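Subject: Structure handover, salt bridges

Hi,

Here is the structure I promised to pass on. Please open it alongside this note; what I found follows below.

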Amino acid sequence: SDFQPPVPAYKSKSGGVIEMLEDMMDKSKDELTKLRSKETEAKHSYEMVSQSMQDQIKFAQQELAKVQKTQAEQSRIKADSEKDLQQTKASLAEDEKTLSDFSLDCKSEVAEYEEGVKSRGLELEALKTAKATLKESSGLSFLQLEETRSAIRNSLDLKHFEVVRMVRSLGQKL
C-alpha cells in the first residue's frame, strides 16, 4: 500500500496564475456590483430630480395660465373703465354746459324780475301821485271818477278823464 499516485510527468505551474485570475475575477465582480449599485442610485436620483423638475414645470405652467387669465381680465376691466371714464367726462362736460346755460337763464330771469319789481314800484308810485293829484284837483276818489266818467261837464273833468285813461293804459301795458 504503498501506492502513490503516479506523479505526473509535467507539473503545472500555472496554479498561481489561476488563483490570481480568480482573485481578479472576484474583485471585478465586487467592483461591478458596487458600480451597478451606484448606477441604480444615480438612476433613482435622476428620476427623482426629473420628476421634481417636471412637477415644477407643470405648476409653473399652471401659474402662468392663471396670471395670463388674470391679466386678460384686468385688461378687459381697464378697457371698460376707460370707456366709462370717457362717457362720464362727456356727460360731465354736457352737464356743466347745461348748468352754465341754466345759471345764465336764472340770472336773466332774476334781472327781469327785479326790473319788473322796480317798474311796478315806479308805476305804483305814479298811480299814487296821480290819485293824489286827482283827489286834490277834483276832490273825488278813483271810484267816484269812474262813476262820473260819462258825465264830463267841463274842461277840468276832461283833464281828469284823460289822466285816468292814461293811467289805465299804462296799467294794461304792464
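A salt bridge here is a side-chain nitrogen of Lys or Arg within 4 Å of a carboxyl oxygen of Asp or Glu. On that basis the structure, a predicted model, holds six salt bridges. Three of them are described below, all set in helix H1.

Start with Arg76. Its salt bridge to Glu73 has the closest N and O atoms 2.5 Å apart. A second one joins Arg76 to Asp80, with the closest N and O atoms at 2.8 Å. Glu73, Arg76 and Asp80 are thus linked in a network of salt bridges.

Why can Arg76 reach Glu73? Helix H1 covers residues 15-138, and the two residues are three apart in it, so about one helical turn separates them. The Asp80 side works in a similar way: Arg76 and Asp80 are four residues apart in helix H1, again about one helical turn. Side chains of opposite charge can pair when their charged atoms come close.

Buried or exposed? Arg76 is partly exposed, at 42% relative accessible area. Glu73 is partly exposed too, at 35%. Asp80 is also partly exposed, at 36%.

Now look further along, at Lys97 and Asp101. Their side chains meet in a salt bridge, 2.9 Å from N to O. Both residues lie in helix H1, four residues apart, about one turn of the helix. Lys97 is exposed, with a relative accessible area of 52%. That value passes the cut-off, because exposed means over 50%. Asp101 is partly exposed, at 33%.

Best wishes

Definitions and conventions
Residues numbered from 1 in each chain as written. Predicted model: local features only at pLDDT ≥ 70, side-chain atom pairs only at ≥ 80, totals over all residues. Heavy atoms only, no water. Buried < 20%, exposed > 50% of the residue type's maximum accessible area, 1.4 Å probe, protein only.
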